[in-house]
Amino acid sequence: MRRFHSYRVESYLDYLKKLKLTRKITDIHLHHTWKPTKKTYFLASNKEKVIYGMWRYHTKTLKWRDIGQHVSVSPDGLVWDGRDVNLMPASISRHNKNAFAIEMIGNFDKGQEKLEGVQLEAVKKLIKGLFEIFQTDHLIFHREYSNKSCPGTSLDKFKLMEQIRDKVEIVGASMATKEQMKQYLLMVNPVPKINCTPDEMVIYYLDEGKKEGIRGDIAFAQALLETGFFKFGGLVLPGQNNYAGLGATNTTQKGRAASFDTPQIGVKAHIQHLKGYVSKKPLISPIVDPRYTILEESGLLGSCKYVTDLNGKWAIPGNGYGEKILKIVKKLIAITVKEEPQNIQNEKILEENERLKEENLRIQQQIKKYEDLINALKHQINNFS
Ligand SMILES: [Zn+2]
């Protein structure tokens with residue numbers, strides 16, 4: 001019996017990297033199976049049989065030499081091997097010569113099943129990896145060359161490409177909340193070396209970011225990356241309130257990069273510097289970033305739209321720099337905020353306060369009553385004598 005093997009995406013890509021390629025691959029073809037559906041796969045007690053079923057259909061009914069696709073991505077996020085990568089796929093007729101063919105198991109036409117969760121993540125990671133290995137960015141949806149809806153009417157190629165390329169704009173509103181940012185920081189580093197509270201730090205990033213139209217969570221994630229989660233230890237010292245390595249290059253002496261009087265000014269300078277990379281529009285606040293004019297002079301002003309555009313510009317050589325920031329942003333957004341013990345404590349104190357106030361009022365009223373009584377008695381005594 002023809003056997004098939006499943007891999008995690010990373011392992012499959014590792015296998016591909018080591019494979020000796022004997023043909024040129026320039027196009028990544030994307031299909032959905034339509035049948036088998038996700039449901040078929042989930043219900044199957046032996047998942048390999050689902051792939052085997054496709055092989056049998058392709059070879060016995062359609063009389064192909066092997067299963068048509070190079071890989072199938074299953075709803076549980078696994079990559080199943082298929083046709084030898086060094087053989088053309090049976091993917092899109094007249095377009096197979098330089099193709100690598102992916103089948104996503106499921107029916108992704110609108111109103112049917114959804115491409116989501118681990119399967120979507122696996123598909124994105126796989127395509128991204130294939131782009132790197134084959135040095136291409138040419139993704140082809142089956143429907144581009146046929147009147148089929150494949151890989152499903154619910155899929156938007158532009159959106160998928162944006163997700164694959166990690167195209168996240170620096171401009172915009174923060175997606176992470178203040179609590180998420182603070183809790184993530186304290187989870188990684190419970191004692192950040194900052195000259196303000198973690199609450200204040202997060203608020204500075206959100207407020208200054210909002211002022212300039214920059215995503216505060218992205219800038220904050222960049223600060224976490226640049227300062228090692230505010231552990232510092234690099235060229236910048238904690239007392240400098242410099243969270244983005246402003247003025248620090250490989251030849252800068254320790255402690256000689258830019259310094260700022262307060263954490264808030266340090267954050268403002270960071271946001272301004274980031275805005276400089278993103279936009280040619282003037283800053284809203286007065287300039288505190290000592291490196292802002294250098295951006296103008298070097299032609300870098302407004303040269304970055306997406307976080308990954310910072311690679312090779314903010315950071316040199318900067319391979320993977322923006323991706324590292326985005327990884328942190330993803331983690332920030334994924335934090336489930338727990339009710340803080342401190343908040344609960346505060347509420348208890350407030351309640352107790354209210355109770356004491358009421359009691360105080362009651363006692364005051366009683367004192368007043370006794371005073372009135374005493375006065376009345378005094379009055380009577382005076383009259384008596
Ligand atoms: Zn197709």
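**Notebook: strand 5, helix 11 and helix 9**

I started with strand 5, where both faces are covered: Ala99, Ala101 and Glu103 on one side and Phe100, Ile102 and Met104 on the other are all buried (buried means 20 or more other C-beta atoms within 10 Å of a residue's own, exposed means 12 or fewer, partly exposed is in between, and C-beta atoms are placed from the backbone). Strands here are DSSP runs of E with at least two residues, helices are runs of H or I with at least four, and both are numbered from the N terminus.

Note to self: this is a predicted model, so local features need pLDDT of at least 70 and side-chain atom pairs count only at pLDDT 80 or more, while totals for chains, interfaces and linings use all residues. Residues are numbered from 1 along each chain as its sequence is written.

Next I looked up the neighbours of strand 5. Strand 2 (residues 27-32) pairs with strand 5 in the parallel sense over six bridges (a pair needs at least two DSSP bridges). Leu30 sits opposite Ile102. Strand 3 (residues 71-73) is also parallel to strand 5, over three bridges, and Val71 has Ile102 as its bridge partner.

Then I went to helix 11. I found Tyr321, Gly322, Ile325, Ile328, Val329 and Leu332 buried there. Seen down the axis, these buried residues fall within an arc of 120 degrees (taken from the directions from the axis to the C-beta atoms), so they line one face of helix 11. The face turned away from the buried side carries exposed Glu323 and Ala334.

Last, helix 9: twelve of its 16 residues are buried, so helix 9 is largely enclosed by the rest of the structure.
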